[in-house]
Amino acid sequence: CGPRINSKFTFDVLKPTGNKNGLMTIGAGSSAEILSGKGFIGAGDCGIYADYGSTILANGAVFNTSRVSGIYAANNSSIVANNAYVNNCDLNGIVAANNSNITANNIEANNAGSRGIYSSSNSRVVANSASLINSGNAAISATNCSFVSANSVNSTGSKSDGVYAIQGSEISI
């Protein structure tokens, strides 16, 4: 069981390159919690990253200005991040990949370089009442039999697609 993070960390913005996740959990049974108002700013990769069956609880946490994604769950992992902030991420605000689940209601994922929310490869994201303003490509994207529930979402300003589902995926908006 990982730590309860009760601090806000800011990465050195002069050295923002990869392999610098704010917090990463790996393996079934691994878990961590970030308290409200705390988190990781300017991570070189992801603000938080749950992998291989791990879990992260991050309600109200802050992961702004991550170089890849603010919140990333992969390989059967789960993240709950209601009321969290993942603004100004270079690539994606939220990513669920390879059978993972993210619950992020009332989240702010504004100004994502590519996508505000991205669900792929049999993953599921629930992000009702989200703010996904000014996404670089699509506010919401689902691929490879994935699902996104995003009711009452503000997705204004997307430069390409507001909502994009392909390859047997479904988006409820």
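Strands here are DSSP runs of E with at least two residues, numbered from the N terminus. With that in hand, Tyr-52 can be placed in the loop between strand 6 (46-51) and strand 7. Welcome to this predicted model, whose chain holds 17 strands and zero helices. The points below start with the whole chain and then visit three loop residues.

**The chain as a whole**

- The radius of gyration is 14 Å, which agrees with the value near 16 Å that a compact globule of 173 residues would have.
- Along its principal axes, the C-alpha trace spans about 35 × 35 × 25 Å.
- Of the 173 residues, 51% count as buried.
- If you look at contacts between residues at least 6 apart in sequence, 41% of them join residues at least 24 apart.

**Surface and charge**

- About 7,100 Å² of the chain is exposed, and carbon and sulfur atoms supply 46% of that area.
- The chain carries 9 positive and 8 negative charges, and the mean positions of the two groups are 7 Å apart.

**Tyr-52, in the loop between strands 6 and 7**

- Tyr-52 has a relative accessible area of 51%, so it counts as exposed, the cut-off being over 50%.
- Beyond its neighbours within four places in sequence, Tyr-52 is in contact with Ile-26, Gly-27 and Ala-28, and also with Ala-74, Asn-75 and Ser-77.
- Tyr-52 and Gly-29 are 23 residues apart in sequence, while their C-alpha atoms are 9.5 Å apart in space.

**Ser-54, in the loop between strands 6 and 7**

- Ser-54 also has its place in the loop between strand 6 and strand 7.
- Its relative accessibility is 1%, and because buried means under 20%, Ser-54 counts as buried.
- With neighbours within four places set aside, the contacts of Ser-54 are Thr-25, Ile-26, Gly-27, Ser-30, Ser-77 and Ser-78.
- Ile-26, Gly-27 and Ser-77 are in contact with Tyr-52 and with Ser-54.

**Asn-64, in the loop between strands 7 and 8**

- Moving along the chain, you find Asn-64 in the loop between strand 7 (55-57) and strand 8 (69-74).
- Asn-64 is buried because its relative accessible area, 18%, is under 20%.
- Not counting residues up to four places away in sequence, Asn-64 touches Phe-40, Ile-41 and Gly-42, together with Tyr-85, Val-86 and Asn-87.
- For Asn-87 there is a further detail: its backbone nitrogen lies 2.7 Å from a polar atom of the Asn-64 side chain.

Terms used: Residues are numbered from 1 along each chain as its sequence is written. This is a predicted model: local features need pLDDT of at least 70, side-chain atom pairs count only at pLDDT 80 or more; totals for chains, interfaces and linings use all residues. Side-chain values use heavy atoms; hydrogens and water are left out. Helices (H or I, at least four residues) and strands (E, at least two) are DSSP runs, numbered from the N terminus. The radius of gyration is taken over C-alpha atoms; the globule rule is 2.2 Å times the number of residues to the power 0.38. Buried means under 20% relative accessible area, exposed over 50%, partly exposed in between (1.4 Å probe, protein chains only). Contact means heavy atoms within 4.5 Å. Accessible areas come from the Shrake-Rupley method with a 1.4 Å probe; for residues, only the protein chains shown count as cover. Lys and Arg count as positive and Asp and Glu as negative; His and the chain ends are not counted. The place of a charge is taken as NZ of Lys, CZ of Arg, CG of Asp or CD of Glu. A polar contact is a pair of N or O atoms within 3.5 Å; within protein, one must be able to donate a hydrogen and the other to accept it, and residues adjacent in sequence count only if both atoms are side-chain atoms.
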